[in-house]
Amino acid sequence: MSAAKEKVSEKSWKGFEDAAELARKMQGVATSDKKYLYAHYKQATVGDAPKTGPSIIMVTERAKYNAWDEIRGMEPEKALDLYVKKVQELEKSESVTIQA
């Protein structure tokens, strides 16, 4: 069971799942936005990042871990809400396209 699922309404969780599906179809998303989405998704579904992250030579994995670790302590419900809002914002962006 995810960190937030038990604490939010079924409607909120469905909105989160729909946003996650839409995010997977997005192209042209800036790296900073990708890290934001990753961090908030993980915080909503897992909770806090582990105390230790991947090696610094694993550049992509370390960057994702660092983004997640930066929001340590954030309530999973808040992370879920911020994730959905960011996806909605990106959906309206002219630089982002949605794969069919």
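The exercises below, each with a worked solution, concern a predicted model, and they move from its helices to single residues.

**Exercise 1. Compare the end-to-end reach of α2 with the span expected for a helix of its number of residues.**

Solution. Begin with the count, which is 15 residues for α2. The expected span is 1.5 Å times one less than the number of residues, and for α2 this comes to 21 Å. The end C-alpha atoms of α2 are 21 Å apart, which agrees with that expectation. The same steps can be followed for α4, which has 17 residues and reaches 25 Å from its first C-alpha to its last, close to the 24 Å expected. Just beyond α2 comes Gly47, whose phi is positive, near 105°.

**Exercise 2. Describe how α1 packs on α2, and work out which kinds of residue make the contact.**

Solution. First take the geometry: the two helices pack at an angle of about 145°, with their axes 12 Å apart, and α1 passes α2 in a left-handed crossing. Next, list the residues that meet, which are Trp13, Phe16, Ala20 and Ala23 from α1, and Leu37, Tyr41, Ala44 and Thr45 from α2. Finally, sort these residues by kind, which gives 7 nonpolar, 1 polar and no charged.

**Exercise 3. Carry out the analysis for α2 and α4, and state which residues of each helix are buried.**

Solution. Here the angle is about 150° and the axes are 8 Å apart, while the crossing is left-handed. On the α2 side the contact involves Asp33, Tyr36, Leu37, His40, Tyr41, Gln43 and Ala44, and these meet Pro76, Ala79, Leu80, Leu82, Tyr83, Lys86, Val87 and Leu90 of α4. Sorted by kind, the residues of this contact are 11 nonpolar, 2 polar and 2 charged.

Turning to burial, the buried residues of α2 are Asp33, Leu37, Ala39, His40, Gln43, Ala44 and Thr45, and they pack against α1, α3 and α4. In α4 the buried residues are Pro76, Glu77, Ala79, Leu80, Tyr83, Val84, Lys86, Val87 and Leu90, and their packing partners are α1, β1 (26-27) and α2. When reading such lists, keep in mind that an α-helix has 3.6 residues a turn, so residues three or four places apart point the same way.

**Exercise 4. Identify the residues of the largest nonpolar core that touch the most other members, and follow the contacts of Phe16.**

Solution. The largest nonpolar core holds 26 residues, and those touching the most other members are Phe16, Met26, Leu80, Tyr83 and Val87. The elements that give two or more residues to this core are α1 (10-24), α2 (31-45), α3 (59-69) and α4 (76-92). Taking Phe16 as the example, and not counting residues up to four places away in sequence, one finds that it touches Tyr41, Ala44, Thr45, Leu80, Tyr83 and Val84.

**Exercise 5. Decide whether Glu77 and Arg72 are buried, partly exposed or exposed, and list their contacts.**

Solution. Glu77 lies in helix α4. Its relative accessible area is 18%, and since buried means under 20%, Glu77 is buried. Leaving aside neighbours within four places in sequence, Glu77 is in contact with Ala4, Lys7 and Val8.

Arg72 belongs to the loop between α3 and α4. At 31% relative accessibility, Arg72 counts as partly exposed. With neighbours within four places in sequence again left aside, the contacts of Arg72 are Asp48, Ala49, Pro50, Lys51 and Tyr65. As a last step, note that Arg72 and Leu90 are 18 residues apart along the chain, and that their C-alpha atoms are separated by 24 Å.

Definitions and conventions. Residues are numbered from 1 along each chain as its sequence is written. This is a predicted model: local features need pLDDT of at least 70, side-chain atom pairs count only at pLDDT 80 or more; totals for chains, interfaces and linings use all residues. Side-chain values use heavy atoms; hydrogens and water are left out. A nonpolar core is a set of buried Ala, Val, Leu, Ile, Met, Phe, Trp, Tyr and Cys residues joined through side-chain atoms within 4.5 Å. Buried means under 20% relative accessible area, exposed over 50%, partly exposed in between (1.4 Å probe, protein chains only). Helices (H or I, at least four residues) and strands (E, at least two) are DSSP runs, numbered from the N terminus. Contact means heavy atoms within 4.5 Å. Axes are lines fitted to C-alpha atoms, for helices over the stretch in contact, and angles run from 0 to 180 degrees between N-to-C directions. A crossing is left-handed if the near helix is turned anticlockwise from the far one by less than a right angle, and right-handed if clockwise. Ala, Val, Leu, Ile, Met, Phe, Trp, Tyr, Cys and Pro count as nonpolar, Asp, Glu, Lys and Arg as charged, and the others, Gly among them, as polar.
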